[in-house]
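Me: I should like to learn how strands and pockets are read in a structure. Please guide me through an example.

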Amino acid sequence: MTGDAAPAKDVSRRVTEREITTRVDLCRPDGRLNPAAVGWSRTPLHRTNIRGWGRTMRWEYWCLTSPEHVFAFSASSLDYLASEGAWYLDRTTRKDVSSRSLIVPSRGTSFSERSGEGSVRIGKGSLRIAVDETAEGTRLRLKSPEFDADLMVHRVEGRDSLAVVVPWSSRRFQYTVKDLGRPAEGTLVVNGRRIRLSTDDTLATLDHGRGRWPGNILWNWGAAAGRSRGREVGVQIGGKWTDGTGSVENGLFLDGRLHKISEELVWRYDTSDWMAPWKITGERVDLEFVPEHVRSADITRLYLHSREDQAFGHYRGTVIADDGTAVEIDNLYGWAEEVQRRW
C-alpha cells in the first residue's frame, strides 16, 4: 500500500483534551482565539463571533444516506468568494449527478454564529441553498438546474454530537461540529426524477465549520452511522489537519451517547487507488474501510485550489468505549476522504 499524500505517523498519539460544559465565545474582542474556548463538547456551546476578513472560513455540509441513495451538499464562504456544491449517488446503478457554483465576490451569503440555531443562506449563484432551524428539526432546501430538495432532519432529544475547537495558533483556529446519523425525510428531485426519502432508512450527518485557516491544509475525515449488532452506532474520525494541536475530532457514538477518543489516529490508504481498503488505527480504534464508490474533484478558481477524493463504503472492525468494552463495527455505511485545500 503506497503512502499518504502527507507523511503518516507510525503510531497513534494520545492527547489531553478538556470538556466544555457551558456556553463560550470562540474569539476574544481583539479577534484572536479565546483560550477558554479550546476543548470539546457534547452539544454546540460555542458562539463563533468571528468578525471581518482574515482567512475566515465558514461552511455547512450535509450528507444524507439510505440503502439506495446518497445526497450531499456544501455551502461555504471563503472571505473573497462563496462556494456551493451538491452531489447525488444512486447506489443501485452507481450513477452520480453533481452541481456546483462559485460566487465572486462573496455576496448573498449568511451563516449562523451557533450550530443548531438560526439559518444559513447562499442565494446568488445558480445553486440556491437554505438551512433553517425550526421547532421540528433542521429544514434543508436546495435548488439548482439538476436538483430540487426539501428535506427535514429531525432532532433526537438527549442525543450527543461532537464539537471541537482546533487551535493552530491564536490567529488560526477552527471550530467544528459533527452531528451524525439523525433521521431525515422529504423530497429530492434529481434531473426530474422524484425520490421520496423516509425516516425508516435515511440518516443525515452534519459537518459545521467556522474558523480562520492557514493558507494550505490537508485533512482526512471519516464518518459512518447506522445499526450494528443490534445497537445504534456512529463513528467519527479525522486526521492530519489536527495533528500537533492537542485537539482531535474522534469519537464513538453508542445509542446516542458520545465516547470521546482523545488520540491522533493513524490513517493508511493507497493514493494511487482510492478503491483499495483503508486502515484507521489507534489504541482504541482498529477499523477497515472498504469503498464501493469514489467521488473525486480537482478545482482551481482564482487563488483557491481544492482537491477532494471521497470514498463511500462500509466500515468494519472494533472501537473501544469509555468503559473499555470493545464495540464491534460490522458493515456500517459511511465515507472516508482526503482533501487538500489552498486559498
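Reply: The discussion below takes up one strand and then one pocket. This is a predicted model, in which local features need pLDDT of at least 70, side-chain atom pairs count only at pLDDT 80 or more, and totals for chains, interfaces and linings use all residues. Residues are numbered from 1 along each chain as its sequence is written, and side-chain values use heavy atoms, with hydrogens and water left out.

Me: How many residues of strand β18 are buried?

Reply: Strands are DSSP runs (E, at least two residues), numbered from the N terminus. Buried means under 20% relative accessible area, with a 1.4 Å probe and protein chains only. In β18, residues 216-228, eleven of the 13 residues are buried.

Me: Which residues stand opposite each other where β18 pairs with β27 and β19?

Reply: Two strands pair if DSSP finds at least two bridges between them. β18 is antiparallel to β27 (residues 326-342) over nine bridges, with L218 opposite Q340. β18 is also antiparallel to β19 (residues 231-239), over nine bridges, and there A223 has Q236 as its bridge partner. Two residues separate the strands of the β18 and β19 hairpin, where R229 has a positive phi near 55°.

Me: What classes of residue line the largest pocket?

Reply: Ala, Val, Leu, Ile, Met, Phe, Trp, Tyr, Cys and Pro count as nonpolar, Asp, Glu, Lys and Arg as charged, and the others, Gly among them, as polar. The lining of the largest pocket comprises 14 nonpolar, nine polar and six charged residues.

Key:
Buried < 20%, exposed > 50% of the residue type's maximum accessible area, 1.4 Å probe, protein only. Helix = DSSP H or I, 4+ residues; strand = E, 2+ residues; numbered from the N terminus.
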